Amino acid sequence: MHTDTQQAIETLLHFPATGIKLGLERVQQALDMLGHPEKNYPCIHVGGSNGKGSVCAMVSSCLSAGGLRVGLYTSPHLSRLNERFRLNQEPVSDELLAQAVVKLLPVFEGKVDLSFFEFGTVLAFWLFAQQKVDAAVIEVGLGGRLDATNVLSPCVSALTSLSMEHTQWLGKRLDDIAFEKAHIFKPGIPALVSAQAHAASPLLAAHAQRIGAPLYLEGRDFSLVPEGRQEGGAPLQSTWQGFGRTLDKLQLSLKGAHQLSNAALALACLELSPFRLDDAALRQGLLQTRWPGRLEYFEGPPPLLLDGAHNPAGIEILVAALKQLWPNKEIHLVFSVFQDKEVEPMAALLFPLCKSIHLAPLDNVRALPTEACLPLAQRFCPNTRVCNSVEEALQQASTHGGEKALVVVAGSLYLVGQARECLQKTPSSIPWRLPVSVGS
């Protein structure tokens, strides 16, 4: 990488650590200074607790399959900052990202004090305008009402299922979280909602009615029904019904029964957007969707599964997928978690399934120290050990051979990112390799 390019990206990576700054004023001011680039293209805005990244990836993939030039903005990244900013599914180049950083930093210096996420959001909006995208798919960062992305006037707003998360910022009740997330709905703009496991739907419906946003619910207005069962690596097949269109034998590349709900929301977004995609684009887009680190499977022996589940709802989905797709496997877990997560409920769901647990340290101040997690892990799985690195944890887990072994990495997206970096190392002490063709 060229020195100037590397320096620009390092500048963004080490942006002033102001922490989480909720509110729209600073982003609005920055976009005013740039002439509001986010108004140059239609946007699909997706929030929720779990699955919103998968929905964004599917929407973007289908739009690309339909011949459109698409910008995709998500967070966090797994391995490289570039993953947050994608053009037609591929992370932007180092050079393009560096040029954007160099262009924008002097514009705001001394005039508006943006956080890392706020600057990244503004950069994405500007970059997509510069690249003349036909559409942008934007994932909410945290919450909704005061999230930096909520300056948008989208063509569609969508929410995946809600659960308790980020309670220090969003509130300690599901009502509070639903209130925050429902505020991505806009008057007169279609508001789409996944089926909710808890009592969130009436709260979301009430807010949509209050502001005059037409509301569409999974199960009532649209659905994706499975055709048979998914086993191992085989694509899940399903039938779409909604908005006057029926499509059977749709194949989802993303694993897990929970992706049916995500795909249903993605298809509903596309159906109510200004874009009219034909059946072939929808089929191709769903089948070709890539979303690394979410039930991402690598052949062994032993096979490896990477999943970014990092809260109780995500772990519940992971456990359901393990029981459905790999029911007879012995789980050898590589685990780390951040201190602000609900560790005990996560452990109670996942750890009893494990034959062994390998606690890996993370190079992040938010990480829960492995020694602090050890007593909890040993309560559920006596065969637990503390490792000195993520690579050592992977190596130790990989020594459990046999046809029934499955190594699972979960607990933190940051951990999954570090694990994927280990898979890129050559030579390496672990048996798995990340294919060169994978873009992140």
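Which residues of H15 are buried? The model is a predicted one, in which local features need pLDDT of at least 70 and side-chain atom pairs count only at pLDDT 80 or more, while totals for chains, interfaces and linings use all residues. Residues are numbered from 1 along each chain as its sequence is written, and side-chain values use heavy atoms, with hydrogens and water left out.

Helix H15 covers residues 413-424; helices here are DSSP runs of H or I with at least four residues, strands are runs of E with at least two, and both are numbered from the N terminus. Its buried residues (under 20% relative accessible area, 1.4 Å probe, protein chains only) are Leu 413, Leu 415, Val 416, Gly 417, Gln 418, Ala 419, Arg 420, Cys 422 and Leu 423. That makes nine of the 12. Part of the cover comes from strands S12 (296-298) and S13 (304-306), as well as helix H14 (390-398). At the N-terminal end, Ser 412 acts as a cap, with a side-chain oxygen 3.0 Å from the backbone nitrogen of Tyr 414.

Helix H5 (residues 116-130) is mostly covered too, with 13 of its 15 residues buried. Just past H5, Lys 132 has a positive phi of about 55 degrees.

Then there's the largest nonpolar core, a set of buried Ala, Val, Leu, Ile, Met, Phe, Trp, Tyr and Cys residues joined through side-chain atoms within 4.5 Å. Among its 41 residues, Val 59, Leu 63, Leu 224, Trp 240 and Leu 286 touch the most other members. Helix H9 (residues 259-271) supplies the largest share, nine residues. Apart from this core lies another, of 39 residues, including Phe 15 and Leu 127.

Terms used. The expected span of a helix is 1.5 Å times one less than its number of residues. Buried means under 20% relative accessible area, exposed over 50%, partly exposed in between (1.4 Å probe, protein chains only). Contact means heavy atoms within 4.5 Å. A polar contact is a pair of N or O atoms within 3.5 Å; within protein, one must be able to donate a hydrogen and the other to accept it, and residues adjacent in sequence count only if both atoms are side-chain atoms.
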